[in-house]
Structures are given as structure tokens and as C-alpha cells.
Amino acid sequence: MTAERALRLGTRRSKLAMSQSGHVAEAVRQLTGREVELVEITTYGDTSREHLAQIGGTGVFVTALRDALERGEVDFAVHSLKDLPTAQPEGLVLAALPQREDPRDVLIARDGLTFTELPAGARVGTGSPRRMAQLNAYARSHGMRIETVPIRGNIDTRIGYVEKGELDAVVLAAAGLNRIGRSAEVSDFLSTDIVLPAPGQGALAVECTANNGELVAALGELDDPFTRAAVTAERSLLAALEAGCSAPVGALADLLADGQIAKEMRLRGVVGTTDGSELVQLTTTGPVPSSEDEALALGRELAAEMLAKGAAGLMGERAL
């Protein structure tokens, strides 16, 4: 690496992606003393008008960035971790998983309504089968009547459906709204007891080629070990269920602290039919993983229990 050349950071063009990448670029500048320039790359997921569940979800926002890395057009790339397929390609390495943002889902509803205040028959927009499954299950078990409506588009587009009165509410990730400075518009933070997030939600992945040892080491300074352990367990669960990122799977690993010291990690997982009529929801706890293998094992263990309870049959609605 020559000192004079700026590092090239590959990013999607959306406002959220540019914001996320901008934060990472600034951190890398401070770490390395080198300039970082953003290289905007359009992905298939950005241009396709199909619903994510139809185009398969897995990798549609990622492939073009990884191609640019492999061709040497960019030095490193920033992804939303929940968009990454669970299999890591040969020759590329997740050099850093920085400290995770709020992993929860949130509601932006008309008139500042919370989820439980929504009127009967309220139309709730989301592009995620995972969110539909859990919201419909909660509504069903609490005597609420909602209609989940599939939507696509960036954050502005989705919030626009509520502002224009086309939908009563939309569900989005808290992390994205925090990163673009729009969290004040949230009308309800959805408890993880109601909706488990997507595996890796709220976390970013900083990826580069494995053979660039100097850059791998520099980026590694941004890594947060607790975030890495948690999301590794969540993604291991997803991989063991053999589900893509458009499948109706929710997972969250969190640390259970005894005073100030984290003693255990809890991993919760859920799979459900999108109408919410059937859910398999289980929890396991274990010692805080001290290695990648231990984090992977935690995820596989919970996946095995979920499959034994019939989880595979509930994922039939995913795109092949």
C-alpha cells in the first residue's frame, strides 16, 4: 500500500449505504491517516423492482460490491451484515464487524400510534416475510386485526406511504433510521419479545481481500468482539436452517450480564409462516463464546432444536 494513494471504499448508492460507509470511512481515516474515497456501485437489488422475496434476497445487494473487490476496483467494501449470504467467498475476509447499532425493528405510524394502538384492519407495510410472520402472530394472539402489505423502496419511499395516507404504518430497522438521523420519526420501538430482528440486523461488515494483510490488520482495529460473537451465532443459525436472507427467520444473540460482567450469551430464534398462524420460537443460552467455533456451535445447536420442532416446513414460502 502506498502512502499517497487514497483507499477506495466500495458502497451502494442509497442514502443509508452512503451514510454507513461515510462513518466507516471516517474511522478508517483516523486509524490509518490515509484518505478514503467512496466508490458508488449499483447492485441488482437497487435496480430490480421485484420484491426481495421473489428475487431471492440472498446477495442481491452484495454481488456487485464483491465483484469490484475481486477485480481490484475498490480496496474494501461496507455492507449491511443482514444482506450478506452466510457462506463467505474464497479470497474475501470480513476484516471488521464494528460495534452494532440498535438491532430492533421500529414502527413509523400515522398520528404517532404505537403498534398496539393501531386501529382494526390497519395496513402495515413491510418487505420482510420475517416481520410479517411475527407481527401477524402477535396480532392474532392479542385479538388485533392488521393487514401486512408487501412494500419495497428506500427509507424515504417507505415512510412516504404513511405520509401520503396509503398505509397506516411501516416497519423499518432502527439502525438505518439512526444512521440517517431520522429516529425522531419512530412512533414505536418494537420489543424483541414481539419481533426478533433479522440475523445480523444493525451490524455492518467491512470486507476486503484476504491477501491484503496490511489492510486486513488496519481494518481489524474497528472490530467489536461481542458484536462478532453475537452475529456469528445468529448467522450460524440462519445457515443451519439453510435459509436465505429473504426467509422468515429472526434471530438475536445478546449478552446476559451479572453486574458489569457478561457471563452468558442468549440466542433466540424464530421461524414462521407469513400469516403468523404457525411459529417455531426457541431460546438457548451458553457461555459467552470465546472463539468463532463456539459462536457457530451455539447457532447450530438452536437450529437443530428448531428443525426438530418443524421449522423447515414453515420456510416453504421463501424464493428458491
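Strands, in the numbering used here, are DSSP runs of E with at least two residues, counted from the N terminus. On that basis L267 is found in strand β12. The points below concern a predicted model.

1. Overall fold content and dimensions. The protein comprises 10 helices and 13 strands. For a chain of 320 residues, a compact globule would be expected to have a radius of gyration near 20 Å, and the value for this protein, 19 Å, agrees with that expectation. The C-alpha trace extends over about 65 × 45 × 45 Å along its principal axes.

2. Burial, surface and contact range. Of the 320 residues, 54% are buried. The accessible surface amounts to about 13900 Å², and carbon and sulfur atoms account for 49% of that area. When contacts between residues at least 6 apart in sequence are considered, 71% of them join residues at least 24 apart.

3. Charge distribution. The protein carries 32 positive and 44 negative charges, and the mean positions of these two sets lie 4 Å apart.

4. The largest nonpolar core. In soluble globular proteins, nonpolar side chains tend to be buried together. Here the largest nonpolar core has 22 residues, of which L237, L241, V249, V271 and M306 touch the most other members. At least two residues of this core come from each of α9 (225-240), β11 (249-258), β12 (261-272), β13 (279-287) and α10 (292-308). Helix α9 provides the largest share, with 5 residues.

5. Surroundings of V271. Which residues does V271 touch, when those up to four places away in sequence are not counted? The set consists of L241, P248, V249, E278, L279, V280, M306, A311, L314 and M315. Three members of this list, L241, V249 and M306, are also named with V271 among the core residues that touch the most other members.

6. L267 in strand β12. Is L267 buried or exposed? Its relative accessible area is 0%, below the 20% limit, so L267 is buried. Leaving aside neighbours within four places in sequence, L267 is in contact with A233, E234, L252, A253, L282, T283, T284, L298, G299 and L302. The C-alpha atom of L267 is 12 Å from that of G200, a residue 67 places away along the chain.

7. F226 in helix α9. F226 is found in helix α9, the helix that gives the largest share of the core described in point 4. F226 itself has a relative accessible area of 44% and is therefore partly exposed. Apart from residues up to four places away in sequence, F226 touches L255 and V288. The C-alpha atoms of F226 and Q99 are 7.9 Å apart in space, although 127 residues separate the two in sequence.

8. E301 in helix α10. E301 lies in helix α10. With 37% relative accessibility, E301 counts as partly exposed. A C-alpha separation of 29 Å is found between E301 and L172, which are 129 residues apart along the chain.

9. C208 in strand β10. C208 lies in strand β10, which covers residues 204-209. Why does C208 count as buried? The reason is its relative accessibility of 0%, since buried means under 20%. Beyond its neighbours within four places in sequence, C208 is in contact with L69, D75, F76, G91, L92, V93, A95, L215, V216 and L219. C208 and T11 are 197 residues apart in sequence, and their C-alpha atoms are 12 Å apart in space.

10. Backbone at D111. Most residues other than glycine have a negative phi. D111, which is not a glycine, nevertheless has a positive phi of about 60°. Where is D111 found? D111 is in the loop between β5 (105-109) and β6 (122-125). The relative accessible area of D111 is 65%, and because this is over 50%, D111 is exposed.

Definitions and conventions: Residues numbered from 1 in each chain as written. Predicted model: local features only at pLDDT ≥ 70, side-chain atom pairs only at ≥ 80, totals over all residues. Heavy atoms only, no water. Helix = DSSP H or I, 4+ residues; strand = E, 2+ residues; numbered from the N terminus. Rg over C-alpha atoms; globule rule 2.2 N^0.38 Å. Buried < 20%, exposed > 50% of the residue type's maximum accessible area, 1.4 Å probe, protein only. Contact = heavy atoms within 4.5 Å. Areas by Shrake-Rupley, 256 points an atom, 1.4 Å probe, with all protein chains shown as cover. Lys, Arg positive; Asp, Glu negative; His and termini not counted. Charge placed at Lys NZ, Arg CZ, Asp CG, Glu CD. Core = buried A, V, L, I, M, F, W, Y, C linked by side-chain atoms within 4.5 Å.
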